[in-house]
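Me: Could you take a close look at the salt bridges in this one for me? I'd like to know who pairs with whom and how buried the partners are.

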Amino acid sequence: KMAAAAAAGGAGAAAAAALWSEVNRCGQNGDFARALKSVNKILQISKDDVTALQCKVVCLIQNGNFKEALGVINTHTKVLTSDIIAFEKAYCEYRLNRIENALKTIQSASQQTDKLKELYGQVLYRLERYDDCLAAYRDLIRNSQDEYEEERKTNLSAVVAAQSTWEKVMPEDLGLREATYELCYNSACALIGQGKLNEAMKKLQKAEELCRQSLSEDSDVTEEDIEAELAIIHGQMAYIMQLQGRTEDALQLYNQIIKLKPTDVGLLAVIANNIITINKDQNVFDSKKKVKLTNAEGVEHKLSKKQLQAIEFNKALLAMYTNQADQCRKLSASLQSQSPEHLLPVLIQAAQLCREKQHAKAVGLLQDFADQHPASAAEIKLTMAQLKIAQGSVTKACMILRSIEELQHKPGMVSALVTMYSHEEDIDSAIEVFTQAIQWYQQFQARTNYGCCVFQPKSPVHLSLIREAANFKLKHGRKKEAISDLEELWKQNPKDVHTLAQLISAYSLVDPEKAKVLSKHLPSSDTMSLKVDVDALENSHGATYVRKKAGKLTGDNQQKEQGQGDVKKKKKKKKGKLPKNYDPKVTPDPERWLPMRERSYYRGRKKGKKKDQVGKGTQGSTTAGSSELDASRTASSPPTSPRPGSAAAVSATSNVIPPRHQKPAGAPATKKKQQQKKKKGAKGGW
């Protein structure tokens, strides 16, 4: 038995050695499916072989079976400890989108290898912890030298672009040489985050050129492959066009990308969302089709949180535009629960209520949100004021606007309130708005110049408000109230003649003596002489026209008074056209210019004149009175044309009076039918 067991053990060892050779050969050739079969045979011989288990996990990962690989690791935790297989476990969790678990696995590893550090940077990027990610990649670039240095620099530039885009952080110059299209693309994204759209477009054009050059060197790459790789660059170009207001060009480029059917679901979702934002409340059918692209599987793992949030906002707005009230409320409520401090969900709910004519409820909803979130109260109150204006409650809208303390002194707010109060003819409230704003700037200047006794000039905004207040008061007859403002302006600029003139005009009604004293400060006529070329002014087009017109009028007056000079030529009047049958011997009808119904001899139409003459009976039958209607049997009816051998009838047209000039003595025997003239351009029909 011992000898038999030894022989069996030797045979098993030989078989295992052959299997390991097979595993090694398949691994070098990249045939991991066959390698996995050999590893499974080895595990049948020795089920707890650590090396075999590690090889099995690697083969499963190479074949894309991450879930099965993670299952093997979790099943053999006693053998496969975290020190041995930490990277493989973290990588499987990362590929299965279990990012938090991957981070814990990496942090629990006893030794941080270069592979774990690389994966750590990727995990931090997916978690949007960009500051930590930037530090991790900097450490990797500083402490490693291998063929993957270019990829690490690309990842580093992607982190900087994400910071600029999502966190609005001013990117630092990394000093990276933009030799690849990936680096150019990331640099363009960083510029977009800064708002430098023209520079970003140039970077994208350079990235496109580098991409074409790089891929065209490979003979196996087709033109379709190049276009698919360029899709993300073209998508960013279209986004820049959209931001620049070139929506037609952007829409055309977006649709070209969709026709290529790229495999990147994240890219398709972003493009579909941007098309929906261009369509807005128009072309709703196309937007509903594009929404399906944003619901593709795996989109949530390809986009950032802010991108996903923007897509959800647009879904809610599209539901509102398509009159899906319940769906809109459901989506906006879900968004509000995810981001309680965000404005858009509440604004969408208020807009939906307004579409349902529930303005009071919408205002109440906004007021509750403003009370709960004071930091966002200003924007909410602006929306509430807009709703009140839409309802016609301008005074209530003014009250809401004046409750926004941080905006009371802003020129735009002051202008809006004054305009609204003027519309309501509430001049006192408008002046009060000016007064409060001017006082705010006076207090602000007092705080900034505390302890300074030297005269300090007022800010341009402050002076502008004072001038507008003075002009407003003068316009509405409040000259006495405008005096203090005008004096303040004149004090700031004593050489301002316009302000001095306004001040004198205001004092002339209140204190004439003071007006006389101030008038002494006006410049003399000698100092006010303007350098004007009188000859050039008189020879200008406007002056020549006025001078000619005046000379023409004075010449006519002299002809009338003195009877001298040339006689004014009279225009010849054109003779009116007479009708062809006009007869000067016949007196025209004095009522010929009146409509027929308004003439004194009009008796109205005789209805039913030919009604009795209509034949009755079946088709083709004759009636008793049919013989009376036969003109050929009437003896007195003259022939329509002269018969052969008879003398031609001579018409005496000289004794006939034209119908236009006839004036019947009584009711006319026959009446001229009035034909309704068709208007030019009218379509057919009676």
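Reply: A salt bridge here is a side-chain nitrogen of Lys or Arg within 4 Å of a carboxyl oxygen of Asp or Glu. Keep in mind that this is a predicted model. By that cut-off, R212 and E208 pair up, with N to O at 3.7 Å. Both sit in helix 11 (residues 197-216), four residues apart, or about one turn of the helix. That spacing makes sense, because an α-helix has 3.6 residues a turn, so residues three or four places apart point the same way. As for burial, R212 is partly exposed because its relative accessibility is 29%, whereas E208 is buried, at 17%.

Now for a pair that reaches across the chain: R329 and E356 form a salt bridge at 2.8 Å, N to O. R329 belongs to helix 17 (residues 325-338), while E356 is in the loop between helix 18 (343-355) and helix 19 (359-372), so this contact ties together parts 27 residues apart in sequence. R329 is partly exposed at 35% relative accessible area, and E356 is partly exposed too, at 26%.

Back to the R212 pair for a moment: salt bridges with shared partners link E208, R212, E223 and E227 into one network.

Another one to look at is R25 with E22, where the closest N and O atoms are 2.6 Å apart. These two are three residues apart in helix 1 (residues 2-29), again about one turn. R25 comes out partly exposed, at 38% relative accessibility. Over the whole structure, the search turns up 19 salt bridges.

Methods. Residues numbered from 1 in each chain as written. Predicted model: local features only at pLDDT ≥ 70, side-chain atom pairs only at ≥ 80, totals over all residues. Heavy atoms only, no water. Buried < 20%, exposed > 50% of the residue type's maximum accessible area, 1.4 Å probe, protein only.
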